[in-house]
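Student: I'm new to this one. Could you walk me through how to read it, feature by feature?

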Amino acid sequence: MSAFIITPATCGHIAPLARNMREADKREVWASHRQTPQEALEACLEASELAWTLLVPQGQDANSGQDSAAGQHAAAGNDAVSCQDFVSCQDFASCQDFASCHAANFGHAANFGQAAASAYTGALPAAMRPAFMWGVADCGPMPGDTGAPWLLASDDILRIKWAFLRRSRHYVAQMQARFPRLENYVHAENALSINWLRWCGFTVTPEAHIFNGELFYRFEKLA
């Protein structure tokens with residue numbers, strides 16, 4: 001079974017992730033800041049007080065493996081239908097608690113991707129590639145008051161989404177321990193990011209904000 005590693009983000013992770021950034025995230029960073037994937041990752045990492053990278057094994061298709069959406073759907077049955085597709089799921093009340101889902105939906109995920117601390121700080125391990133980076137930057141009027149969370153990914157996020165979901169709130173809690181208020185904007189067409197934010201407890205406001213002619217929603221989470 002494939003494993004992943006979560007490690008502090010470094011500049012060595014930027015170029016390979018920028019080359020493979022998923023289209024929705026490319027559109028978002030261009031719409032919001034007129035930045036390329038490389039520029040956006042560099043700016044986010046430089047500004048962040050906390051940042052991590054999730055690494056996955058090289059040489060595997062992001063849509064293959066037992067944790068694909070199709071494989072989960074086949075194994076899960078009706079009890080898991082509300083949670084089996086994270087990208088399109090809209091029933092967040094039923095998705096808030098993994099225990100309410102059919103065990104078959106996550107049976108393989110319990111042992112999948114056991115996150116391991118990594119001591120390296122420079123080049124990538126030879127057999128790994130960055131699937132996504134995320135973090136939080138100080139953005140408030142008073143230092144330490146407000147943080148701006150961000151996450152930029154390749155399509156590999158779809159391969160390990162269930163295992164990462166199990167850990168997402170832990171990292172949001174680390175952000176909120178540093179910043180009692182978390183807020184930022186998300187592109188209205190970035191469905192996966194919007195759903196992930198809601199899963200993590202953020203409020204995504206329905207009011208429209210226009211940046212460079214594109215629609216964005218504001219999201220926030222208060223301690």
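**Reading the model together**

Tutor: Let's begin with the pocket: strand 4 gives the largest share of the lining of the largest pocket, five residues. Keep in mind that this is a predicted model.

Student: Okay, but how does anyone find a pocket, and what is the volume of the largest pocket here?

Tutor: The general idea is that rolling a probe the size of a water molecule over the atoms shows where empty space is left. In this structure the largest pocket comes out at about 630 Å³.

Student: Which residues lie nearest the centre of the largest pocket?

Tutor: His33, Pro149, Trp150, Asn184 and Tyr185 do, out of 28 lining residues. Several elements chip in: helix 2 (23–33), helix 3 (37–47), strand 4 (146–153), strand 5, helix 7 (191–199) and strand 7 each supply at least two residues of that lining. Sorted by class, the lining has 19 nonpolar residues, six polar ones and three charged ones.

Student: Let me step back. How many helices and strands does the protein chain have?

Tutor: Seven helices and seven strands. Follow the sequence and you read β-α-α-α-β-α-α-β-β-α-β-α-β-β. The protein chain has 223 residues, and 48% of them count as buried.

Student: How should I read a helix?

Tutor: An α-helix has 3.6 residues a turn, so residues three or four places apart point the same way. Now try helix 6, residues 161–178. Its 18 residues reach 25 Å from the first C-alpha to the last, close to the expected 26 Å.

Student: Where does helix 6 bend?

Tutor: At Arg167, by about 40°. Arg167 is also one of the buried residues of helix 6, and the others include Trp162, Phe164, Leu165, Ser168, Tyr171, Val172 and Met175.

Student: What is 8.6 Å from Ser168, C-alpha to C-alpha, though 28 residues apart in sequence?

Tutor: That's Trp196, which sits in helix 7. Trp196 counts as buried because its relative accessible area is 10%, and the cut-off for buried is under 20%.

Student: On to strands. What's the general idea there?

Tutor: In a regular strand the side chains alternate between the two faces of the sheet. For pairing, look at strand 7 (residues 214–222), which pairs with strand 5 (residues 181–187) in the antiparallel sense over seven bridges. To find your place, put Arg181 opposite Leu222 of strand 7. Strand 6 (residues 203–211) also runs antiparallel to strand 7, with six bridges joining the two. There, Thr203 has Glu220 of strand 7 as its bridge partner.

Student: How many residues lie between the strands in the hairpin of strand 6 and strand 7?

Tutor: Two. Asn212 is found in that loop, and its backbone is worth a look.

Student: What should I look for in a backbone angle?

Tutor: Most residues other than glycine have a negative phi, and most peptide bonds are trans. Asn212 has a positive phi of about 50° although it is not a glycine. Arg34 is another non-glycine residue with a positive phi, near 55°, and Arg34 lies in the loop between helix 2 and helix 3.

Student: Are those two residues buried, partly exposed or exposed?

Tutor: Asn212 is partly exposed, because its relative accessible area is 44%. Arg34 has 38% relative accessibility, so Arg34 counts as partly exposed too.

Conventions: Residues are numbered from 1 along each chain as its sequence is written. This is a predicted model: local features need pLDDT of at least 70, side-chain atom pairs count only at pLDDT 80 or more; totals for chains, interfaces and linings use all residues. Side-chain values use heavy atoms; hydrogens and water are left out. Helices (H or I, at least four residues) and strands (E, at least two) are DSSP runs, numbered from the N terminus. The expected span of a helix is 1.5 Å times one less than its number of residues. The bend at a residue is the angle between axes fitted to the seven residues ending there and the seven starting there. Buried means under 20% relative accessible area, exposed over 50%, partly exposed in between (1.4 Å probe, protein chains only). Two strands pair if DSSP finds at least two bridges between them. On a 1 Å grid over the protein atoms alone, a cavity is a set of points where a 1.4 Å probe fits but cannot get out, and a pocket is an open set with protein on both sides within 12 Å along at least five of seven lines; lining residues have an atom within 4 Å of a point. Grid points are joined across faces, edges and corners, and a volume is the space filled by probe spheres set on the points. Ala, Val, Leu, Ile, Met, Phe, Trp, Tyr, Cys and Pro count as nonpolar, Asp, Glu, Lys and Arg as charged, and the others, Gly among them, as polar.
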